[in-house]
Amino acid sequence: MRNSTVAMAHRAAETVAAIAGPAERARAAGVPVVTVRQPDAGMVPGTEGRRVVPEPAPREGEPVVDRTTPDGFLGTDLDAV
């Protein structure tokens, strides 16, 4: 979840917690976490609005896959990761 979407989210804190919770539980259990980022049309790279909020952000060393279609596997290396 990016800063720009948190600003307009209904019950933002609850939404962020719901997104971050499964990844935190996986990390605690030693399960790998892979982040799949969606296209961010209209967002300028490096801007505050494009940054991922800290709670669900990938941790150092965790793989991140950028997708360009609605399917996270189509045209990415997600299968290999």
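Me: What makes up the lining of the second largest pocket, by class?
Reply: In this predicted model, that lining has seven charged residues, two nonpolar and one polar. The residues are Arg 2, Arg 37, Gln 38, Pro 39, Asp 40, Arg 50, Arg 51, Val 52, Asp 66 and Arg 67. Asp and Arg count as charged, while Pro and Val count as nonpolar. Gln falls among the others, so Gln 38 goes down as polar.

Me: How much space lies in the second largest pocket?
Reply: About 150 Å³. For the largest pocket, the volume is about 350 Å³.

Me: What lines the largest pocket, and which residues lie nearest its centre?
Reply: The lining has 19 residues, and Met 1, Thr 35, Val 36, Arg 37 and Val 52 lie nearest the centre. By class, eleven are nonpolar, three polar and five charged. Helix 2, residues 12-28, supplies at least two residues of this lining, and strand 1, residues 35-37, also supplies at least two.

Me: Why is Val 34 called partly exposed?
Reply: Val 34 has a relative accessible area of 33%. Buried means under 20% and exposed means over 50%. The value for Val 34 lies in between, so partly exposed is the right label. You can find Val 34 in the loop between helix 2 and strand 1.

Me: What makes Val 34 fit for a surface patch?
Reply: Patch residues need over 30% relative accessible area. Val 34 has 33%, so that condition is met. Val 34 forms a nonpolar patch with Val 36 and Val 81, and together they have about 200 Å² of accessible area.

Me: How do you know that Pro 63 counts as partly exposed?
Reply: Let's set the value against the same kind of limits. Pro 63 has 30% relative accessibility. Since buried means under 20% and exposed means over 50%, Pro 63 belongs in between and is therefore partly exposed. Pro 63 is found in the loop between strand 1 and strand 2, the latter being residues 64-66. From Val 16, Pro 63 is 47 residues apart in sequence and 20 Å apart in space, C-alpha to C-alpha.

Me: Is Arg 11 buried or exposed, and why?
Reply: The relative accessible area of Arg 11 is 52%. Exposed means over 50%, so Arg 11 is exposed. Arg 11 sits in the loop between helix 1, residues 3-6, and helix 2.

Me: What is worth noting about the phi of Arg 11?
Reply: Arg 11 has a positive phi of about 50 degrees, although it is not a glycine. Most residues other than glycine have a negative phi.

Technical notes: Residues are numbered from 1 along each chain as its sequence is written. This is a predicted model: local features need pLDDT of at least 70, side-chain atom pairs count only at pLDDT 80 or more; totals for chains, interfaces and linings use all residues. Side-chain values use heavy atoms; hydrogens and water are left out. On a 1 Å grid over the protein atoms alone, a cavity is a set of points where a 1.4 Å probe fits but cannot get out, and a pocket is an open set with protein on both sides within 12 Å along at least five of seven lines; lining residues have an atom within 4 Å of a point. Grid points are joined across faces, edges and corners, and a volume is the space filled by probe spheres set on the points. Helices (H or I, at least four residues) and strands (E, at least two) are DSSP runs, numbered from the N terminus. Patches are made of residues with over 30% relative accessible area and no salt bridge: like charges are joined within 9 Å, nonpolar side chains (Val, Leu, Ile, Met, Phe, Trp, Tyr) within 5 Å. Accessible areas come from the Shrake-Rupley method with a 1.4 Å probe; for residues, only the protein chains shown count as cover. A salt bridge is a side-chain nitrogen of Lys or Arg within 4 Å of a carboxyl oxygen of Asp or Glu. Buried means under 20% relative accessible area, exposed over 50%, partly exposed in between (1.4 Å probe, protein chains only).
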